Amino acid sequence: MVENWSPRVLIVDDNKSIHDDFRSILAPKKSHRKRLNNVETELFGAVTATDAAAETVFEYDIDNAYQGEEAIQLVEAAAKNGVPYSLVFMDVRMPPGIDGIKTIQKIWSKCPHTEVVICSAYSDYTWHEMLANLGVTDRLMLIRKPFDIMEVQQVALTMTNKWKIALENRNHMQDLETKVLERTKELNKTIRKLEEARQITEQEARYKSLFLSMMSHEIRTPLNGILGMTELLMNTQLSSEQIDCVESLELTGNLILSIVNNFLDYSKMESGKVELESVEFNLLNLIERVMDIVTVNTNKKSVELISLYDPLIPTHLIGDPERIQQILLNLTNNAIKFTNEGWVSISIAVEEMDDKSLSSDKQCLLRF
């Protein structure tokens with residue numbers, strides 16, 4: 001809301017008596033107020049004590065201009081000082097300067113929200129010509145001379161209040177736009193921070209993936225050498241005890257290689273490049289290999305390791321044996337780790353199968 005607001009009104013007419021008439025109507029002295037009360041009594045009847053007590057006189061800040069150019073200068077100065085005119089009463093004929101219609105055009109080019117009332121007994125323009133020059137707008141009214149006192153008062157009150165409400169709405173919209181801009185700046189700042197964080201995270205992920213890939217490669221090279229030497233050693237003359245030790249060494253080496261492969265798999269997952277293999281393998285041999293690897297852990301405890309293998313499982317399957325082995329090794333080692341006595345079993349059964357004839361081109365779903 002506009003606090004302590006007193007509407008500014010500009011009277012533009014080349015006749016000084018017109019200025020005096022407007023001032024007596026809009027800012028009457030006590031003697032003039034008495035005369036206006038008499039007019040009101042004649043029009044509307046006697047004023048009661050209640051009406052008199054409730055009566056309020058609207059205060060206007062009134063300025064005068066006698067030519068169009070003078071009016072334009074006053075309007076521009078008032079707007080520049082932050083106290084614009086809310087209403088202009090404009091005569092049409094004001095020789096020798098520019099007429100009222102051209103003056104209104106220039107005023108609206110500087111202060112487009114100013115309310116205007118055209119006051120004229122005679123005009124070089126018809127109403128339609130005025131609208132053609134000024135445009136159809138709700139900021140324009142026309143009253144004829146001589147003026148009706150109540151009409152002038154009501155027009156001034158209505159249009160100045162209309163200007164005030166429009167000003168409050170514009171201020172409110174400006175506040176909203178300012179808040180929206182502030183919130184937008186904050187949001188853009190947050191988005192930039194999130195984008196920077198995303199880029200940092202992606203860069204860290206790339207570095208981590210690169211590190212894992214390099215480490216896996218560096219470890220795999222000497223490990224393959226150890227496994228190669230183990231294979232050569234198996235082809236030499238060894239005692240049964242030595243053969244068991246070499247086989248254990250080979251299984252352990254393969255287990256380490258599997259862990260290294262896990263590093264590579266993690267690296268692939270980070271980059272979204274994980275691919276499942278599709279090769280033929282014997283699941284029973286895979287289970288035996290897993291049991292051979294983890295048996296070394298059961299020997300340290302009073303834990304028995306057993307396997308339950310569904311005879312309906314096809315002998316040869318197509319899938320990713322390396323991943324199946326990795327998963328079973330992880331689960332079985334965890335089971336052994338948290339079992340102090342008793343037994344740990346690896347159980348595989350057929351959950352679904354397209355054809356019990358065990359044809360090699362059928363789908364088979366297993367539960368481990």
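Which residues does Thr-332 touch, not counting those up to four places away in sequence? I would like to open with that one position, bearing in mind that what we are looking at is a predicted model. Thr-332 touches Val-290, Val-294, Leu-305, Val-344 and Ile-346 once those sequence neighbours are set aside. Its place is in helix H10, which covers residues 321-337, and with a relative accessible area of 5% Thr-332 is buried, since the cut-off for that word is under 20%.

Let me turn now to the sheet. Five strands form an open sheet in the order E2-E1-E3-E4-E5, and the pairing is parallel. Strand E2, residues 61-65, and strand E5, residues 140-144, stand at the edges with a single partner strand each, so one side of each has no neighbour in the sheet. If direction is ignored, neighbouring strands of this sheet are turned against each other by 20° on average. Within the sheet, E3 and E4 pair in the parallel sense over five bridges, and Met-90 has Ile-118, in E4, as its bridge partner. Helix H6, for its part, lies across E4 and E5 and runs at about 150° to E5.

Those two bridge partners come back when we look at the nonpolar cores. The largest nonpolar core has 23 residues, and Met-90 and Ile-118 are listed, together with Leu-10 and Val-12, as those with the most contacts inside it. The elements that give two or more residues to this core are strands E1 (8-12), E3 (87-91) and E4 (115-120), along with helices H4 (68-80), H5 (100-110) and H6 (127-134). A second, separate core has 21 residues, among them Ile-287, Val-294, Leu-317 and Leu-366; Val-294 is also one of the residues that Thr-332 touches.

Staying with Val-12 for a moment, and leaving aside its neighbours within four places in sequence, we find this residue in contact with His-19, Ala-65, Gln-67, Ala-71, Val-88, Phe-89, Met-90, Asp-91 and Met-94.

Finally, a helix pair. Helix H1, residues 16-26, packs with helix H7, residues 149-234, at an angle of about 75°, and their axes are 10 Å apart. Angles of 65 to 115 degrees count as roughly perpendicular, and H1 and H7 are therefore described in that way. On the H1 side the contact involves Phe-22, Ile-25 and Leu-26, which meet Ile-149, Val-152, Gln-153 and Ala-156 in H7. Sorted by character, the residues of this contact divide into six nonpolar, one polar and no charged.

Terms used
Residues numbered from 1 in each chain as written. Predicted model: local features only at pLDDT ≥ 70, side-chain atom pairs only at ≥ 80, totals over all residues. Heavy atoms only, no water. Core = buried A, V, L, I, M, F, W, Y, C linked by side-chain atoms within 4.5 Å. Buried < 20%, exposed > 50% of the residue type's maximum accessible area, 1.4 Å probe, protein only. Helix = DSSP H or I, 4+ residues; strand = E, 2+ residues; numbered from the N terminus. Contact = heavy atoms within 4.5 Å. Axes fitted to C-alpha atoms, helices over the stretch in contact; angles between N-to-C directions. Parallel < 35°, antiparallel > 145°, perpendicular 65-115°, else oblique. Nonpolar A, V, L, I, M, F, W, Y, C, P; charged D, E, K, R; others polar. Pairing = 2+ DSSP bridges.
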